[in-house]
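Thanks for coming. I will go through one structure in a few minutes, beginning with a term or two and then moving along the chain.

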Amino acid sequence: MPWIACELHSHTFHSDGRQTLMELANGAKALGFECFALTDHNTMTGLHDKDAVEQETGISIISGMEWTTFYGHMVTIGLTNFVDWRPAGPDDIHKGIADVHRSGGIVGMAHPYRIGIPICTGCFWEFNIENWNDMDYIEVWSGTFPSIKTDNDRAYRLWTDKLNEGYRIAATSGRDWHAQEQTDEPVSVTYLDIDDGEGTVTNRAVRALAAGKVSVTIGPLVTLEIRTDTACYGVGAVVSRQDHSHSYKVHVNIDFHVRKEIWDFQEPHYTLNLIGNTGVLSEQFVTVDQPNYEIEIPGDELLWIRAELKGNVRGVRTLIAFTNAIYVDR
């Protein structure tokens with residue numbers, strides 16, 4: 001199955017959005033999305049017309065809800081039934097997370113460092129997380145042109161810190177989409193590597209996100225593999241102990257054709273970096289006529305690795321795309 005383009009944070013007029021589900025679906029389709037999650041604040045009533053909208057537009061809709069509290073916003077997706085957010089206090093968010101997991105959903109921190117009270121009540125994350133293994137993902141990019149925003153930079157560093165501490169946690173983007181307003185700013189996409197197993201596209205999308213099979217971009221799609229003599233490990237996978245090596249061959253593919261009619265960077269001067277717990281492992285210039293790269297990296301102390309694509313966007317040198325991690329079992 002291909003990687004599918006997803007938007008994982010959106011709202012309709014059933015909470016504070018200014019769009020119907022049909023308008024949201026048509027807007028998402030026009031931007032090249034194949035799937036989106038409806039995450040209205042503290043309600044799932046906006047999903048009433050989900051089946052009809054999917055059938056008419058051909059786009060898949062993931063059921064979800066954004067827990068909106070005084071202590072932080074938490075996106076829950078993949079649920080078919082309402083899980084009550086109201087008991088969640090600053091020191092007992094793990095009970096709420098467990099309730100979501102028991103109901104078949106997954107959870108993510110929404111825009112954890114966005115300004116809070118009095119500008120946006122509860123937008124800044126203040127819940128106490130005692131075990132980061134319980135958190136499925138962090139929304140490290142929020143809003144349009146997310147890579148230049150300081151609060152997103154903090155969220156990205158938080159994700160990196162948790163990877164360095166040994167946690168296997170995914171990172172996503174989310175527009176926090178409220179209305180069909182035109183924007184000329186870059187729009188981020190969360191690509192999910194869905195399987196060809198049982199269930200709907202939305203079921204498989206949730207499985208992919210839970211497994212960390214995620215790549216995020218405002219332009220081309222970057223994918224990453226570690227290949228050994230006996231196996232091939234993609235994004236989200238764990239290199240087994242039997243495949244430990246003093247060095248690894250890393251394969252990177254950069255698809256410059258995805259959603260090409262939606263984005264176009266003039267003279268981006270792309271740089272591909274491989275990043276791990278030990279720092280920058282490799283850095284090289286890339287061009288649009290060379291989509292595939294094989295790079296050998298040291299493996300002795302490696303716990304995780306991801307790919308980052310940087311370039312010039314609107315006069316700013318910025319992160320354009322990144323993969324989620326491949327892990328090494330120690």
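A residue is called buried when its relative accessible area is under 20%, exposed when the area is over 50%, and partly exposed in between, using a 1.4 Å probe and protein chains only. Helices (H or I, at least four residues) and strands (E, at least two) are DSSP runs, numbered from the N terminus.

Now the origin of what you see. This is a predicted model, in which local features need pLDDT of at least 70 and side-chain atom pairs count only at pLDDT 80 or more, while totals for chains, interfaces and linings use all residues. Residues are numbered from 1 along each chain as its sequence is written, and side-chain values use heavy atoms, with hydrogens and water left out.

Let me start with strand S4. S4 covers residues 72-77, and 6 of its 6 residues are buried. How are the two faces of S4 covered? On one side Gly 72, Met 74 and Thr 76 are buried, and on the other side His 73, Val 75 and Ile 77 are buried too.

Next, the partners of S4. Two strands pair if DSSP finds at least two bridges between them. S3 and S4 run antiparallel and are joined by 6 bridges. The link from S3 to S4 is a hairpin through 2 residues. S4 also pairs with strand S5, residues 106-109, in the antiparallel sense over 4 bridges. Val 75 is a useful residue to look at here: Glu 66 stands opposite Val 75, and Val 75 in turn stands opposite Gly 108 in S5.

Back to S3, which spans residues 60-69 and has Ser 60 in it. Is Ser 60 buried or exposed? Ser 60 has a relative accessible area of 14%, so it counts as buried. Contact means heavy atoms within 4.5 Å. Leaving aside neighbours within four places in sequence, Ser 60 is in contact with Glu 34, Cys 35, Phe 36, Glu 54, Val 201 and Thr 202.

A word on the database record. UniProt, in an unreviewed entry, lists residues 6-71 as "domain: Polymerase/histidinol phosphatase N-terminal". UniProt positions are given in the numbering used here, feature names are shortened, and annotations may be inferred rather than shown by experiment. Over residues 6-71 the chain is 27% helix and 24% strand, and the end C-alpha atoms are 27 Å apart.

Now the cysteines. A disulfide is a pair of cysteine sulfur atoms within 2.5 Å. How many does a search of the whole structure find? The search finds 1 disulfide. That disulfide joins Cys 120 to Cys 123, with an S to S distance of 1.6 Å. Cys 120 is partly exposed because its relative accessibility is 22%, whereas Cys 123, at 1%, is buried. Cys 6 is in no disulfide, and the nearest cysteine sulfur, that of Cys 35, is 4.0 Å away. Cys 6 is buried, at 1% relative accessibility. Cys 232 is partly exposed, at 45%.

Last, a loop. Glu 267 lies between strand S13 (247-255) and strand S14 (271-276). Glu 267 is not a glycine, yet it has a positive phi of about 50°. At 61% relative accessibility, Glu 267 is exposed. His 269 lies in the loop between S13 and S14 as well, and has a positive phi of about 50° although it is not a glycine.

That is the end of my list.
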